[in-house]
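Work through these exercises with the sequence and the model side by side. Each task is followed by a solution in steps.

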Amino acid sequence: MPISFEGCAFGYRRGTRVFTRLDLDVPAGRTALIGPNGCGKSTLLGLAASALRPRAGRVSYQGLDPFRRGNLARYRALVGWMPQRVRPLPGLTAREQVGYAGWLMGMSHGLAWRRSLEALEAVELGPVADTRCAELSGGQLRRVGLAQTLVHDAEVVLLDEPTAGLDPEQRERFRGIVARIGERGHLIVSTHETADLAETYDSVVVLDGDRVRYAGPVAGLGAASESTRKV
Ligand SMILES: Nc1ncnc2c1ncn2[C@@H]1O[C@H](COP(=O)(O)OP(=O)(O)OP(=O)(O)O)[C@@H](O)[C@H]1O
């Protein structure tokens, strides 16, 4: 299992809880994370990315707990995360922004610089590598965010609503890129696009507040929701 949540509790403020006790083994391969607005998809990805720290319980990647002493840098090198909003760093070109992300992950300056171009090419942004991020479109900037997760060869890539707000052409393009990324590692994507899950994903996790209503193959989701309805 790529990412496991064991008895995780988390709230943004004292006295509030998004999760009181989350137990979940995210399936291997390409997984869609779905659920109603505000149910905690972004929070779950933030916890998986180690950007948020559980109040109780633990999150781990193949047994590696990011918050145990000395693990954080290694964990973050293995688990890449694209948050919902990708911000352009002032004055930096796409290549510089992606290279900077690699350097922050512990890569040498030279390696990060070389790999930044490869990562941009993987998301079809090679032609704008030397353009300042602030001048890119929303969809292109989203792909810069994706390249930031690829530059250091993460084994798990977490994408928070990567296609939200994109026009149909950009969305289609993004889907193709996501499918290619899924071939080289594990992918967990939060999304509201539930129409063609089987085309892009192997598994789906349905979240509803603290409850995981379903975690398994996309093909089993229909039967699971039928039996839930009958209860
Ligand atoms: N930075 C924050 N500070 C305080 N509360 C927050 C913060 N981010 C999220 N929340 C709250 O935590 C809960 C879960 O939010 P989260 O963004 O994880 O849900 P989501 O399923 O990703 O929603 P959406 O589908 O609308 O993106 C919500 O009640 C939300 O209001």
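## Exercise 1: The ligand shell

This is a predicted model. Task: which residues surround the ligand, and how does the shell divide by class?

Step 1. List the shell. The ligand is surrounded by Tyr12, Val18, Gly35, Asn37, Gly38, Cys39, Gly40, Lys41, Ser42 and Thr43.

Step 2. Sort by class. The shell holds 3 nonpolar, 6 polar and 1 charged residues. Glycine is counted as polar here.

## Exercise 2: The 3-stranded sheet

Task: in what order do the 3 strands of the open sheet lie, and is the pairing parallel or antiparallel?

Step 1. Read the order. It is 2-1-4, with antiparallel pairing.

Step 2. Find the edges. Strand 2 (19-25) and strand 4 (56-61) each pair on one side only.

Step 3. Check the twist. Neighbouring strands are turned by 15° against each other on average, direction ignored.

Step 4. Look at one pair. Strand 1 (residues 3-10) and strand 4 are joined by 5 bridges and run antiparallel. Within this pair, Glu6 stands opposite Arg58 of strand 4.

Step 5. Add the helix. Helix 1 (residues 41-48) packs on this sheet and touches strand 1 and strand 4. The direction of helix 1 makes about 115° with that of strand 1.

## Exercise 3: The 6-stranded sheet

Task: which strands stand at the edges of the 6-stranded sheet, and why is one side of each left without a neighbour?

Step 1. Set out the order. The 6 strands form an open sheet, 5-6-7-3-8-9, with mixed pairing.

Step 2. Find the ends. Strand 5 (79-82) and strand 9 (211-217) each have a single partner strand, so one side of each has no neighbour in the sheet.

Step 3. Check the twist. From one strand to the next, it averages 15°.

Step 4. Test the mixed pairing. Strand 8 (residues 203-208) and strand 9 pair antiparallel over 6 bridges. Val204 stands opposite Gly216 in strand 9. By contrast, strand 3 and strand 7 run parallel, joined by 4 bridges. Strand 3 also pairs with strand 8 in the parallel sense, over 4 bridges.

Step 5. Pick out partners of strand 3. Leu33 has Ser190 of strand 7 as its bridge partner. Thr31 stands opposite Ser203 in strand 8.

Step 6. Judge the cover on strand 3. Of its 5 residues, 5 are buried. Arg30, Ala32 and Ile34 lie on one side, and Thr31 and Leu33 on the other.

## Exercise 4: The nonpolar core

Task: in the largest nonpolar core, which residues touch the most other members?

Step 1. Name them. Among 59 core residues, they are Ala48, Val144, Ala147, Leu158 and Ile188.

Step 2. Find the main contributor. Helix 5 (residues 138-150) gives the most to this core, with 5 residues.

Step 3. Follow Val144. Leaving out residues up to four places away in sequence, Val144 touches Val86, Ala94, Gln97, Val98, Leu125, Cys133 and Leu136.

Step 4. Turn to helix 3 (residues 94-104). Its buried residues include Ala94, Gln97 and Val98. The buried residues of helix 3 pack against helix 4 (109-122) and helix 5.

Step 5. Follow Ile188. This residue sits in strand 7 (residues 186-190). Ile188 is buried because 28 other C-beta atoms lie within 10 Å, and the cut-off for burial is 20 or more. With the same sequence exclusion, Ile188 touches Ile3, Val26, Thr31, Leu33, Leu45, Ala48, Val156 and Leu158.

## Exercise 5: Positive phi

Task: where are Ser50 and Glu161 found, and is each buried or partly exposed?

Step 1. Recall the norm. Most residues other than glycine have a negative phi.

Step 2. Take Ser50. Its phi is positive, near 70°. Ser50 lies in the loop between helix 1 and strand 4. Ser50 counts as partly exposed because it has 19 C-beta neighbours inside 10 Å.

Step 3. Take Glu161. Its phi is also positive, about 45°. Glu161 lies in the loop between strand 6 and helix 6. With 21 other C-beta atoms within 10 Å, Glu161 is buried.

Step 4. Set a glycine beside them. Gly106 follows helix 3 and has a positive phi, near 100°.

Methods. Residues are numbered from 1 along each chain as its sequence is written. This is a predicted model: local features need pLDDT of at least 70, side-chain atom pairs count only at pLDDT 80 or more; totals for chains, interfaces and linings use all residues. A nonpolar core is a set of buried Ala, Val, Leu, Ile, Met, Phe, Trp, Tyr and Cys residues joined through C-beta atoms within 7 Å. A residue is buried if 20 or more other C-beta atoms lie within 10 Å of its own, exposed if 12 or fewer, and partly exposed in between; C-beta atoms are placed from the backbone. Helices (H or I, at least four residues) and strands (E, at least two) are DSSP runs, numbered from the N terminus. Two residues are in contact if their C-beta atoms, placed from the backbone, lie within 7 Å. A residue is near a molecule or strand if its C-beta atom, placed from the backbone, lies within 6 Å of it. Two strands pair if DSSP finds at least two bridges between them. Axes are lines fitted to C-alpha atoms, for helices over the stretch in contact, and angles run from 0 to 180 degrees between N-to-C directions.
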